[in-house]
Each structure stands twice: as structure tokens, then as C-alpha cells.
Amino acid sequence: GRCAQFQQEKTMLVSEIIRRAIAMSEPDGEISFDELNALCGSDMPPEDIEDIFCALRDAGIQLVEQRG
């Protein structure tokens, strides 16, 4: 149904953001909140953002206030 398809698109978006965030975090394994916010966009639901945070943590990426 329509909902399942939407869910799938959303999941794809989340995994795409995770992939980009991991790429952005190289070479130092860090990404700033600003960078992550830019990737997520303003209309992303909090639970998706939570999923992204968890995935990045699992990948060993540090979320930092400021890079450098």
C-alpha cells in the first residue's frame, strides 16, 4: 500500500543520509551538528534523526559542536 511505500522511501532517505554523513566525517571520524542538520533538512521527524544518530554512533563517528 501507499504507507508501506512511503515508509520504504523514508528508510531509503535515512540510509542515504547516514551514508553521506559517514563520507563527510572522513578523515577524522567527526561530523558537526550543523553538518548533520544540513543533511537531514528541517522537516525530518525526530525518530529518524534519532535513528541517524544511533547509526553514526555505531559506526564510531563522533558528533561534535565544531570541527577542527
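A disulfide is a pair of cysteine sulfur atoms within 2.5 Å. Keep that cut-off at hand for the cysteine stop below. The model on screen is a predicted one.

**Stop 1: the cysteines**

Select Cys-40 and Cys-54. The sulfur of Cys-40 has its closest cysteine sulfur in Cys-54, 13 Å off, which is too far for a bond. Cys-54 is therefore in no disulfide either, its nearest cysteine sulfur being that of Cys-40. The count of disulfides in the structure is 0. Colour the two by accessibility: Cys-40 is buried at 8% relative accessible area, whereas Cys-54 is partly exposed at 28%.

**Stop 2: helix H1**

Now select residues 2-25, which form helix H1. The helix has 24 residues and runs 35 Å from its first C-alpha to its last, close to the 34 Å expected at 1.5 Å a residue. Which residues of H1 are buried? They are Lys-10, Val-14, Ile-17, Ile-18, Ala-21 and Ser-25. An α-helix has 3.6 residues a turn, so residues three or four places apart point the same way. What do the buried residues of H1 pack against? Their partners are E1, H2 and H3. For a single example, show Val-14: leaving out residues up to four places away in sequence, Val-14 touches Asp-48 and Ile-52.

**Stop 3: the nonpolar core**

Keep Val-14 selected and add Ile-17, Ile-18, Ala-21, Ile-31, Leu-36, Leu-39, Cys-40, Met-44, Ile-52, Leu-56 and Ile-61. Together these 12 residues are the largest nonpolar core. Helices H1, H2 and H3 each supply at least two residues of this core, and the largest share, 4 residues, comes from H1. Cys-40, from the first stop, is one of the core residues. In soluble globular proteins, nonpolar side chains tend to be buried together.

**Stop 4: the aromatic pair**

Show the rings of Phe-33 and Phe-53. How many aromatic pairs are there? The count is 1. Phe-33 and Phe-53 form this pair, with 6.4 Å between ring centres and 75° between the planes. The arrangement is edge-to-face, because planes over 60 degrees apart are classed that way. Phe-33 lies in helix H2 (residues 33-40) and Phe-53 in helix H3 (residues 46-58), so the pair ties together parts that are 20 residues apart in sequence. Buried or exposed? Each ring belongs to a residue in between: Phe-33 is partly exposed at 30% relative accessible area, and Phe-53 is partly exposed at 24%.

**Stop 5: Glu-35 and Arg-67**

Stay in helix H2 and select Glu-35. At 22% relative accessibility, Glu-35 is partly exposed. Setting aside residues up to four places away in sequence, Glu-35 touches Met-24 and Arg-67. Add Arg-67 and look at the side chains: Glu-35 and Arg-67 make a polar contact through them at 3.1 Å. Gln-66 is worth adding as well, since its C-alpha is 9.6 Å from that of Glu-35, with the two positions 31 residues apart along the chain.

**Stop 6: Ser-32**

Finish with Ser-32 in strand E1 (residues 30-32). Ser-32 is buried, at 6% relative accessible area. Apart from neighbours within four places in sequence, Ser-32 is in contact with Val-64, Glu-65 and Arg-67. Arg-67 thus appears at two stops: in contact with Ser-32 and with Glu-35.

Notes: Residues are numbered from 1 along each chain as its sequence is written. This is a predicted model: local features need pLDDT of at least 70, side-chain atom pairs count only at pLDDT 80 or more; totals for chains, interfaces and linings use all residues. Side-chain values use heavy atoms; hydrogens and water are left out. Rings of Phe, Tyr and Trp (its six-membered ring) pair if their centres lie within 6.5 Å; planes under 30 degrees apart count as stacked, over 60 as edge-to-face and the rest as tilted. Buried means under 20% relative accessible area, exposed over 50%, partly exposed in between (1.4 Å probe, protein chains only). Contact means heavy atoms within 4.5 Å. The expected span of a helix is 1.5 Å times one less than its number of residues. A polar contact is a pair of N or O atoms within 3.5 Å; within protein, one must be able to donate a hydrogen and the other to accept it, and residues adjacent in sequence count only if both atoms are side-chain atoms. A nonpolar core is a set of buried Ala, Val, Leu, Ile, Met, Phe, Trp, Tyr and Cys residues joined through side-chain atoms within 4.5 Å.
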